[in-house]
Amino acid sequence: MTQIENMVQYDNGYSEEEYMTQEEEWDRDLLLDPAWEKQQRKTFTAWCNSHLRKAGTQIENIEEDFRNGLKLMLLLEVISGERLPKPDRGKMRFHKIANVNKALEFITSKGVKLVSIGAEEIVDGNVKMTLGMIWTIILRFAIQDISVEETSAKEGLLLWCQRKTAPYRNVNVQNFHVSWKDGLAFCALIHRHRPDLIDYAKLNKDDALGNLNLAFEIAEKHLDIPKMLDAEDIVNTPKPDERAIMTYVSCFYHAFAGAEQAETAANRICKVLGVNQENEKLMEEYERLASELLEWIRRTTPWLENRTSEKTMAQMQRKLEDFRDYRRLHKPPKVQEKCQLEINFNTLQTKLRISNRPAFMPSEGKMVSDIASAWQCLEQAEKGYEEWLLTEIRRLQRLDHLAEKFRQKATSHETWATGKEEILTQKDYESASLMEVRAMLRKHEAFESDLSAHQDRVEQIAAIAQELNELDYHDVAAVNQRCQSICDVWDHLGTLTQKRREALERTEKLLETVEQLFLEYAKRSAPFNSWLDGAMEDLQDMFIVHTIEEVQVKKLVPQRDGALQEELAQQHGNERLRRQFAAQANLIGPWIQTRMEEIGRCSLEIGGTLEDQMTQLKQYEHVIVSYKPNIDKLEGDHQLIQESLIFDNKHTNYTMEHIRVGWELLLTTIARTINDIETQILTRDAKGISQEQMKEFRSSFNHFDRGEVEFARIMILVDPNGTGVVTFQSFIDFMTRETADTDTAEQVVASFKILAADKPYILIDELRRELPHDQAEYCISRMPPYTGPGSMLGALDYTAFSTALYGESDL
C-alpha cells in the first residue's frame, strides 16, 4: 500500500459543492435501491478485511464492528502506514465517540472533506453513514493516488481499465457498472497480466455468471484479492453499484501495480535501447561507408598520380577515355557518397545530442576530417591529370607526324638508292671504246651530282631520327635501324662511286693510248664518229632520273591539294564543335551560379517555418536533379572536342572542368542545406522549441556579437573544437542546452532494478521475460557479468551496461 504524505490535497474531480451534491444524491439512491446497499456492504467488508488481516483481525458486520472506533483506527493505521493517537479503552459511549472522532480527524487531516458523516452516527451503527465513511476511506487511500498518464483517481482507474482491455473482443469498458456485468472485463484484466490463469479465447459472452465466478475465484486463489462481489447480484441487478465495482477493480490495479511498474520500466528501457540500437546502426553504416569511400580513394589516387606516358596515341586515347569515364561515371556517385556521409554524421551527432549521449567518435582514420583530407589529396592528384593527358597526346601526335615524315623520306631515298649499287659495280667500261668510256665518265659525273643532291635528304633523315630519339618515340629502335641502314648504304654508294670513277679514269687513259695509234684512222672517220658519239650520248643520257622525279611531283601535287581540302574541312568542323560547346557552357555556368545564390538566400531567410524552407529546398533539389541531362550533353560535346584534338576555345571562358566542379558543388550544397534544416527540425521537436523561438534564435545567430565580454566563454560551449566556425545547430544547442527532456543513465539503472526485483544484477531469463526478443538479446550480448556481492551464475551487471549506454561508443 502506498505510503501517504501528510496533508495531501484530496481531489476526486469534483468541486466542494459538487461533492456535497454527490453525497446527498448517494443518500437518496441508497434509500431507493437496497440492492446497492447489499453490494456495498459485502464489498466494503471484504475490502476492510483484506487490510485488517495484516494486523491479525477482521470484521463480520460492518456497521457493528466499527462502532467502538478501535478497528476503524487500526484499519487506518494499516492502510496509511502511520500511527494514530492512542485510542480510549473505555466502553462508554463517549469513549467510542472519541475513538471514531480520532479516526475521522485523521481522515480529514489527509485533505478529505467529510460531508454529513459524524461520529455519533457511526457509534449508533447507522449503516448508510458507515458505508459512506468507508467509501471515503477507499476513495482516499485506494483510488485517489492512482495515476495513468495525465488522469488520476476514478478517471485514471477507468483509463487504466480501458487501456488494458482494449485488445480484447467483446470488452468495452465505459463505466464502473454495466460494462462489467458479463464478467469479460474482469477476465480480460486477469488475462492481460497473467495469461497463464485464464484461456480467454474459450470464454462466452452469454455466460455472464460463469465468467464472473471464474474471475472472482482466480482472483482470490492466485492474486490474493478476496471475493468482494456476488456474481448473482451483479447479473440480476440492472445497474450494479458503481462504488462496489470500483473498489473491487482498484484491488486489481494495486495487485498488478508491480507489473505496471515493471511494464513502465520495460517501456523506458526499450525506448532507451531503441535509441541506442538506431544510433549504433547509423554508426555502423557510417563506418561501412567511410571504409568503402576511403578504399576507393586509396585505389584511385595512385592511378591519378601516375604520369607515366603510354607509347602510342591509341593507348593514350584509351587513358583519356578511362579518365572521362572516371569523371562522368565513377566520381559523381562518390561525390554523393561523401556528401551523404557528412549528412549522416551530422544527423547522428544531432540525435546523440538530443538523446543525452556523447558525441560519436569514428574509428581511427575515419573521421570526417580524415575523409576530407583524403578527398583533397584525390582532387590534387586529379588536378592537371587531364591537361597532362592532352599534352602527352599532342606530343605523341607530333611524334607520329615526325615518324610519318621519316618513313616518307626514308622510302623515297630507299627507292632512289635501289639498283644504284648494281650500276656502280658494273664493269661495262672494260669492253667499251674510248668514247664510250668518256660518255660513261660524263654519266658518272651526272650521277655524282645527283648523289651530292641526296646528301641533304640523308642528313634530314638522320636529323628526324635524332629528334624521334630525343622525344622517346615508342618504335625508335626500328627508326634507328632503318636510319643506320640508309647511312650504311649511303657510305657504301660513296665508296663505289669513288671506285667507279677511278676505274673509268684508268680505262680512259688506256684507251687514249690506243686512240693515238688509230689517230689517223680517226681523222678520216671523224664525221661518222662524231655523229655516232652524239647519238650514243643522247641515247645514254643520265638525266632520265630527273624526268622520273618530275613525273612523281605531278602525281603528288593533286594529292597534296586533296589533303589541304580535308584539313580545311576538319578545321571548319572543329570550329563548329567549339561554338556548340560554348553555347551550352555559357548557359549552364550562369545557371549553376544562380541556383547557388538561391540556395544561399533560402538558408539565410528567417521568415516562414522550417517545413516551408524544406519544401522550398526540395523544389530546388528537384529542379537541379532534372537539369542533369544538360550536363551529360555538355560532356558529350566535350568528348567530341577531345577526340578532335581541339585544345582551345575562344568562344567561352568555361571549361568542362569548371562546369564539373560547379555541378558537384551545387549538388553537395543543396544536400547539406536540406540536412541542416532536417537537423534543426529534429532539435526543435526534441527540445520543444516554438517557431517564434526558432526565429529569435536565427536572428540572434545572424547578429552574433563577437565583441561581447562573454564571447570567449560562449565560444568554448558552441565551438569546443576551436575551429573558429559556429554552426547554427551548435548555437541552438547552446541556447536550449537545459530544455531537452531526455532519459538518464540513473533512470535506466532504476528501471532495470525494477525488472530485477531490486537485485543488483539481472538474469538472462528475467531479461527475456520482461523485454521484447530483440531488446533482450541486445542486452544479453552486451551486458558484462556481475561480479559484486551475492553474485550467482549467469548474473549480468545492468548498472555497468546502463552507464555504458550513455558513455563512449565501442565503435
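**Burial, helix faces and positive phi angles**

Good morning. I begin with D233, which has a relative accessibility of 16% and therefore counts as buried, the cut-off being under 20%. The model in front of you is a predicted one, and what I say about D233 and the other residues should be taken as a description of that prediction. D233 sits in helix α11, which spans residues 231–236. If we set aside the neighbours within four places in sequence, D233 is in contact with K38 and Q39.

Let me now turn to the protein as a whole. It has 33 helices and two strands. There are 811 residues, of which 43% count as buried. Among the contacts with a separation of 6 or more, 74% are between residues 24 or more positions apart.

One example of two residues distant in sequence involves T669, in helix α26, residues 656–687. T669 and M596 are separated by 73 residues in sequence, yet their C-alpha atoms are 7.8 Å apart. Not counting residues up to four places away in sequence, T669 touches M596 and also I599.

Next, a pair of helices. Which residues bring α5 and α7 together? From α5 they are L104, F106 and I107, and these meet M133, T136, I137 and F141 of α7. By class, this contact has six nonpolar residues, one polar residue and no charged residues. As for the geometry, α5 covers residues 93–109 and α7 residues 127–143, and their axes come within 11 Å while crossing at roughly 35°. The crossing is left-handed.

I come now to two single helices, starting with α15. This helix runs over residues 368–382, 15 residues in total, and its first and last C-alpha atoms are 21 Å apart, close to the 21 Å expected at 1.5 Å a residue. Where on α15 do the buried residues lie? The residues in question are I371, A374, W375, L378, A381 and E382. They lie on the same side of α15, because they cover an arc of only 120° around the axis. On the other side of α15, Q376 and Q380 are exposed. After α15 comes G384, which has a positive phi, near 85°.

The second helix is α19, residues 455–470. With 16 residues, α19 reaches 23 Å from its first C-alpha to its last, close to the expected 22 Å at 1.5 Å a residue. V458, I461, I464, A465 and L468 are buried in α19. Their arc around the axis is only 125°, so they too are on the same side of the helix.

Just after α19 we meet D472, whose phi is positive at about 60°. As a reminder, most residues other than glycine have a negative phi. D472 is not a glycine, and its place is the loop between α19 and α20, the latter being 476–517. Is D472 buried or exposed? With a relative accessible area of 46%, D472 is partly exposed.

My last residue is N170, in the loop between α8 (153–165) and α9 (184–193). N170 likewise is not a glycine, and its phi is positive, at about 65°. Its relative accessible area of 40% makes N170 partly exposed.

To close, I would draw your attention again to the buried residues of α15, set on the same side of that helix, and to the positive phi angles of D472 and N170. Thank you.

How values were computed
Residues numbered from 1 in each chain as written. Predicted model: local features only at pLDDT ≥ 70, side-chain atom pairs only at ≥ 80, totals over all residues. Heavy atoms only, no water. Axes fitted to C-alpha atoms, helices over the stretch in contact; angles between N-to-C directions. Helix = DSSP H or I, 4+ residues; strand = E, 2+ residues; numbered from the N terminus. Left-handed = near helix turned anticlockwise from the far one by under 90°. Contact = heavy atoms within 4.5 Å. Nonpolar A, V, L, I, M, F, W, Y, C, P; charged D, E, K, R; others polar. Expected span 1.5 Å × (residues − 1). Buried < 20%, exposed > 50% of the residue type's maximum accessible area, 1.4 Å probe, protein only. Arc of directions from axis to C-beta.
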